[in-house]
Amino acid sequence: MTRFCIYKCVFGDYDIVVPPRHYAADTDYIVVTENPNLPTPGWQRRVVSAEGFKSPKQANLYYRAKYHSYLGDYVASLYLDGNIHVLGNIRPLFEIFLKKDVALGLQTHPDRTSVESEIKGCIRRKKLRSSP
């Protein structure tokens with residue numbers, strides 16, 4: 001059976017986890033968190049350590065980028081920000097990705113078209129500091 005995974009990371013109680021409105025067959029829904037008491041309705045909760053990180057945000061960024069290596073044997077996994085809700089069938093996204101036969105798939109940004117423009121936008125919004 002083909003298996004897929006949709007996961008999100010919620011650290012420091014930053015987001016409220018909302019259950020998916022649609023569950024795709026043979027897909028696991030996982031929330032990665034340091035909080036064993038975080039309500040995760042409709043999602044499996046995977047508790048990880050946030051020790052050694054300077055902030056919940058830093059832990060979130062690490063697990064967001066690396067958690068796929070802890071997930072196990074899935075054909076493909078999809079990371080969603082904690083505030084993104086699953087409203088419909090995500091399976092077509094997996095199918096499109098698998099047909100391309102690539103290692104990483106990214107969604108087109110609605111406002112920016114380059115890494116440079118994203119960095120500038122993050123600096124403007126004070127989400128990132130310019131070079132030291």
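The chain exposes about 9300 Å², and carbon and sulfur atoms supply 54% of that area. Areas here follow the Shrake-Rupley method with a 1.4 Å probe; for residues, only the protein chains shown count as cover. This is a predicted model: local features need pLDDT of at least 70, side-chain atom pairs count only at pLDDT 80 or more, and totals for chains, interfaces and linings use all residues. Residues are numbered from 1 along each chain as its sequence is written, and side-chain values use heavy atoms, with hydrogens and water left out.

**Overall layout**

The chain has four helices and four strands. Their order from the N terminus is β-β-β-α-α-β-α-α. Both kinds of element are DSSP runs: helices are H or I with at least four residues, strands are E with at least two, numbered from the N terminus. The C-alpha atoms fill a box of roughly 50 × 40 × 25 Å along the principal axes. Of the 132 residues, 30% count as buried. Buried means under 20% relative accessible area, exposed means over 50%, and partly exposed lies in between (1.4 Å probe, protein chains only).

Contact means heavy atoms within 4.5 Å. Among contacts with a separation of 6 or more, 49% join residues 24 or more positions apart.

Charge comes next. The chain carries 19 positive and 13 negative side chains, and the centres of the two sets lie 6 Å apart. Lys and Arg count as positive, Asp and Glu as negative; His and the chain ends are not counted. Each charge is placed at NZ of Lys, CZ of Arg, CG of Asp or CD of Glu.

**Nonpolar cores**

A nonpolar core is a set of buried Ala, Val, Leu, Ile, Met, Phe, Trp, Tyr and Cys residues joined through side-chain atoms within 4.5 Å. The largest has 14 residues, and Ile-6 and Trp-43 touch the most other members. Strands β1 and β2 each supply at least two residues of this core. Another core, of twelve residues, lies apart from it and includes Cys-9, Phe-11, Val-32 and Tyr-74. Leaving out residues up to four places away in sequence, Trp-43 touches partners that include Ile-6, Val-17, Pro-19, Tyr-29 and Val-86.

**Helix α1 and strand β4**

Helix α1 spans residues 56-66, with Ala-59, Asn-60 and Tyr-63 buried. These three sit on the same side of α1, because they cover an arc of only 100 degrees around the axis. The arc is that of the directions from the helix axis to the C-beta atoms. The buried residues of α1 pack against β1 (4-9), β2 (27-33), α2 (68-71) and β4 (76-79).

Ala-76 lies in strand β4. Ala-76 is buried, at 7% relative accessible area. Its contacts beyond four places in sequence are Arg-3, Phe-4, Cys-5, Phe-94, Phe-97 and Leu-98. Cys-5 is 71 residues away along the chain, yet the C-alpha atoms of Ala-76 and Cys-5 are separated by 6.6 Å.

**Loop residues**

Asp-26 is not a glycine, but has a positive phi of about 50 degrees. Asp-101, also not a glycine, has a positive phi of about 55 degrees. His-85 is a further loop residue. The C-alpha atoms of His-85 and Asn-60 are separated by 18 Å, with the two positions 25 residues apart along the chain.

| Residue | Loop between | Relative accessibility |
|---|---|---|
| Asp-26 | β1 and β2 | 21%, partly exposed |
| His-85 | β4 and α3 | 39%, partly exposed |
| Asp-101 | α3 (91-100) and α4 (115-124) | 70%, exposed |
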